[in-house]
Amino acid sequence: VYLVARASSHVLARKVLEKIKQYGVRVESVKLVEGAPGVVVVLVDKSGERTMIKYPGVNEELKPSDLELSLLRGAHVLHVASVKPDVALGFLELGSREGIETTLDPGGYVAEWSSDLLVKALKHTHTLFLNEQSFCTQFRALSIDKFFKYGLSVLVIKRGGKGAVVLTQSRCYSGYAEPIKRVVDTTGAGDAFSAFFNAKSLESK
């Protein structure tokens with residue numbers, strides 16, 4: 001797994017990258033730049049649900065040109081998550097051009113995605129991850145047929161503690177996993193789900 005991002009050269013950001021490396025993630029494609037690091041304040045309630053207040057800092061300086069073609073040519077999946085729409089579109093276009101399976105999760109930037117921008121992305125996206133609220137409200141103008149009309153192969157609706165629904169042009173799957181322990185903090189749960197989904201999808205091919 002390679003991480004492509006821009007991060008502050010601040011010691012705090014460097015420590016985070018070192019921690020990520022311990023889990024086997026390759027970080028040599030992360031560009032360190034001068035400036036304030038991105039910071040997120042996470043507020044967790046008693047049920048484990050959280051509210052996130054973010055200051056992106058230099059993380060928002062990421063550009064499509066930061067993704068090296070040599071890295072793409074050895075990849076199986078390009079997962080684009082929680083970046084600005086224009087950057088996401090650039091990454092997805094590069095990935096589809098190289099014939100790589102591309103997946104998109106708008107994440108914390110979902111509010112910046114209009115239906116028109118999403119349609120542009122669908123032309124270069126194999127799998128789209130959306131949370132249930134965004135699917136039912138922000139993108140309610142898009143029918144299920146429209147999602148697949150523009151080239152999407154798989155639509156995954158994440159439903160938090162209620163599981164997930166996976167749609168293709170001809171099939172619908174619904175799944176739910178019973179928590180092993182009491183949920184303390186749901187931060188990162190959606191990202192972990194997307195990563196696991198992509199990994200199992202690759203294994204099945």
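**A guided tour from the aromatic cluster to the core**

Begin by selecting Phe197, which is partly exposed, with a relative accessible area of 21%. Please bear in mind throughout that the model is predicted.

Next, add Phe193 to the selection. The ring centres of Phe193 and Phe197 are 6.1 Å apart and their planes meet at 35°, so this pair is tilted. Both residues belong to helix α7, 4 residues apart, which is about one turn of the helix. Phe193 is likewise partly exposed, at a relative accessible area of 28%.

Now select Phe129. A relative accessibility of 0% makes Phe129 buried. A search of the whole structure finds 4 aromatic pairs. One of them joins Phe129 and Phe197: the ring centres are 5.5 Å apart and the planes stand at 90°, so the pair is edge-to-face. Because Phe129 lies in strand β7 and Phe197 in helix α7 (residues 189-203), this pair ties together parts that are 68 residues apart in sequence. Ring pairs thus link Phe129, Phe193 and Phe197 into a cluster.

Proceed to helix α4, residues 115-122, where Leu118, Val119, Ala121 and Leu122 are buried. Viewed down the axis of α4, the buried residues fall within an arc of 160°, so they line one face of the helix. Display the surroundings as well: the elements covering these residues include α3 (85-97), β6 (101-105), β7 (127-131) and α6 (144-149).

Remain with Leu118 for a moment. Beyond its neighbours within four places in sequence, Leu118 is in contact with Leu104, Trp113, Leu128, Phe139, Leu142 and Phe147.

The tour may then widen to the largest nonpolar core, which has 34 residues; Leu104, Leu118, Leu128, Phe147 and Leu155 touch the most other members. Elements that each supply at least two residues of this core include α2 (69-72), β5 (77-81), β8 (154-158) and β9 (164-167). Helix α3 gives the most, with 6 residues. A second, separate core consists of 5 residues, among them Ala5, Ala7, Leu17 and Val30.

For the next stop, select Ser134 in helix α5, residues 132-138. Is Ser134 buried or exposed? Its relative accessibility is 6%, so Ser134 counts as buried. Apart from residues up to four places away in sequence, Ser134 touches Val110 and Phe139. Phe139 is also among the contacts of Leu118.

Finally, select Lys54 together with Tyr109. The charged end of Lys54 sits over the ring of Tyr109, at 3.5 Å from the ring centre.

Technical notes. Residues numbered from 1 in each chain as written. Predicted model: local features only at pLDDT ≥ 70, side-chain atom pairs only at ≥ 80, totals over all residues. Heavy atoms only, no water. Buried < 20%, exposed > 50% of the residue type's maximum accessible area, 1.4 Å probe, protein only. Arc of directions from axis to C-beta. Contact = heavy atoms within 4.5 Å. Core = buried A, V, L, I, M, F, W, Y, C linked by side-chain atoms within 4.5 Å. Phe/Tyr/Trp six-rings, centres within 6.5 Å; stacked < 30°, edge-to-face > 60°. Lys NZ or Arg CZ within 6 Å of the ring centre and 35° of its normal.
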